[in-house]
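Work through the exercises below with the sequence and the coordinates open. Each task is followed by a solution in steps.

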Amino acid sequence: VKARYRRGKAALELGDAAAALEDLGQAAKSGDKASSELFRKALETQRRAAFNQAVEEETGPYDLEVLVDAYRVGSDDPEGLRPFLETAQSAGLLSSDADLEEAADLTDFSTQIYDASAVPFLTRLRAIRKAVEAQKKPPSPKFAEPWPEHERNAFTEKFGVKPFIKADAAACLDAENESFVRAVLSNNFEGDDVAFVNSLRRLGVPASLVFAAFFKISDGRNDLAMHVLRGEDVSGELKDALEAIERDAARAYTNTQDCVEALETWACFTSAALDEYGRLASDFDEIAAQYALQAADDLKSDPRRLLKATQATFDACRRSFGGRPRTGRGPLVRVAIKRAAALAALGREAAARDALGEAWGGALHLVFRERGDAGDRTALAAEEKEARAALEELKEPEPEPARAPLSGGMSPPTTTGPVYSSRCVLRRQNPPE
């Protein structure tokens, strides 16, 4: 055993893994742990060398019998043999004139192909198999049929056309949505654009920037419906509007030079686009809040334009940040504080107090939401302090003290409410005869 161990170790150090496997394998059978460890090392070395030879040095073509044996090393499934050989043939690892029909006659899937004594040859075959499998193209993704057969038939029977496979089956077959489905099929819509989009969403259509693009064009209801319900490509004005949103959003991530112009003119900063980004759970609202903050800094000397330029972005970001647990409201809180200062400068103190307070969307409300989502009671402490200081300056005036009642139990005259003349007396009417 010791002699085989020493001879096997020397062969392994010299790079002769096949000889090392022979000696170390015999030594390992006696239970020698050191020989077993070296045997595993020699086996791994042999596998690696055979694989490198199969992949790098030899590019084929291999004989049909060799590839059949290589397939059998890793699989006993007869159905997979032909695809395996076709892959090898397309990759040049098997001659193009090889007869694949006779491949099944070259092996017996009911018996084991080789025993343990053929370890080096098995390693070689495994390497060839891996070389073939490396040429396989990744399988195409398989999409499950979105509508079960009975629901497809129910839709076709009810409406006489193929179903809207991009929508929810139950929603399309719901009697409440039947009139809208028929309007889509006949291209005869009623109501305004908002009602139309809401009806589309009720059919289970997922969020998409194409909805925001729709609000930028004059007419495109049928194109939108066919795109989101049947999966047709967008074109014309709808496509141009969609590309404008995507293009402006792409440059918004890298360009913050003129935030005022961006908020006022870029397609990605419209209320519809920002709301759709919110439905998509995108982080674009963080970018929009930064733009609004920079614009508020640039327009602090023009409070009226500041309010107008940041209105849509601020409202959309409040809705987006309030729709799901989020962090990162710091810029939005500072926008709220600057908008409150602009409102106060225009004499709208009550609106300024609302923008700073704890009511929904106010600066302090955003601070408390941030702390709840972050699990940190000290989050945005500086912003809270600034908002409370601004709120303290905008305190409501103290109410006038109540006047003492006059003698005789009469109330003092007031400046509000109806005032009755002292000459007004009730006249007694004679009863009817």
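**Exercise 1. A residue beside a charged patch**

Task: Determine whether Glu-232 is buried, partly exposed or exposed, and locate Glu-232 relative to the helices.

Solution. The model is a predicted one.
- Step 1: The relative accessible area of Glu-232 is 41%. Buried requires under 20% and exposed requires over 50%, so Glu-232 is partly exposed.
- Step 2: Glu-232 sits in the loop between α12 (221-230) and α13.
- Step 3: Glu-232 belongs to a negative surface patch, together with Asp-219, Asp-223, Asp-233, Glu-237, Asp-240, Glu-243 and Glu-246.
- Step 4: The most residues in this patch, four, come from helix α13 (residues 236-252).

**Exercise 2. Overall composition**

Task: State how many helices and strands the chain has, and what share of the residues is buried.

Solution.
- Step 1: Counting secondary structure gives 21 helices and zero strands.
- Step 2: Of the 433 residues in the chain, 38% are buried.
- Step 3: The exposed area of the chain is about 26,200 Å², and 49% of that is supplied by carbon and sulfur atoms.
- Step 4: Among contacts with a separation of 6 or more, 59% are between residues 24 or more positions apart.

**Exercise 3. Salt bridges between helices**

Task: For the pairs Asp-275 with Arg-319 and Lys-338 with Asp-297, give the N to O distance and the elements that are joined.

Solution.
- Step 1: The whole structure contains 23 salt bridges.
- Step 2: Asp-275 and Arg-319 form a salt bridge with an N to O distance of 3.0 Å. This pair links distant parts of the chain, with Asp-275 in helix α15 (residues 271-279) and Arg-319 in helix α17 (residues 303-323), 44 residues apart.
- Step 3: Arg-319 has 38% relative accessibility and therefore counts as partly exposed.
- Step 4: Lys-338 and Asp-297 form a salt bridge at 2.9 Å, N to O. Because Lys-338 lies in helix α18 (residues 330-345) and Asp-297 in helix α16 (residues 284-298), the pair ties together parts that are 41 residues apart in sequence.
- Step 5: Lys-338, at 29% relative accessibility, counts as partly exposed. Asp-297, at 30%, also counts as partly exposed.

**Exercise 4. The loop between α17 and α18**

Task: Describe the surroundings of Arg-329 and Arg-326, both placed in the loop between α17 and α18.

Solution.
- Step 1: Arg-329 forms a salt bridge with Asp-373, and their closest N and O atoms are 2.8 Å apart. Asp-373 is in helix α20 (residues 363-374), 44 residues from Arg-329, so this pair too links distant parts of the chain.
- Step 2: The relative accessibility of Arg-329 is 1%, so Arg-329 counts as buried. Asp-373 is partly exposed, at 28%.
- Step 3: The bridge is part of a network of salt bridges that links Arg-329, Arg-369, Glu-370 and Asp-373.
- Step 4: Arg-326 has a relative accessible area of 8% and is therefore buried.
- Step 5: Beyond its neighbours within four places in sequence, Arg-326 is in contact with several residues, including Ser-282, Asp-283, Phe-321, Glu-370 and Asp-373.
- Step 6: The C-alpha atoms of Arg-326 and Glu-370 are 7.2 Å apart in space, while the two residues are 44 residues apart in sequence.

Key
Residues are numbered from 1 along each chain as its sequence is written. This is a predicted model: local features need pLDDT of at least 70, side-chain atom pairs count only at pLDDT 80 or more; totals for chains, interfaces and linings use all residues. Side-chain values use heavy atoms; hydrogens and water are left out. A salt bridge is a side-chain nitrogen of Lys or Arg within 4 Å of a carboxyl oxygen of Asp or Glu. Helices (H or I, at least four residues) and strands (E, at least two) are DSSP runs, numbered from the N terminus. Buried means under 20% relative accessible area, exposed over 50%, partly exposed in between (1.4 Å probe, protein chains only). Patches are made of residues with over 30% relative accessible area and no salt bridge: like charges are joined within 9 Å, nonpolar side chains (Val, Leu, Ile, Met, Phe, Trp, Tyr) within 5 Å. Accessible areas come from the Shrake-Rupley method with a 1.4 Å probe; for residues, only the protein chains shown count as cover. Lys and Arg count as positive and Asp and Glu as negative; His and the chain ends are not counted. The place of a charge is taken as NZ of Lys, CZ of Arg, CG of Asp or CD of Glu. Contact means heavy atoms within 4.5 Å.
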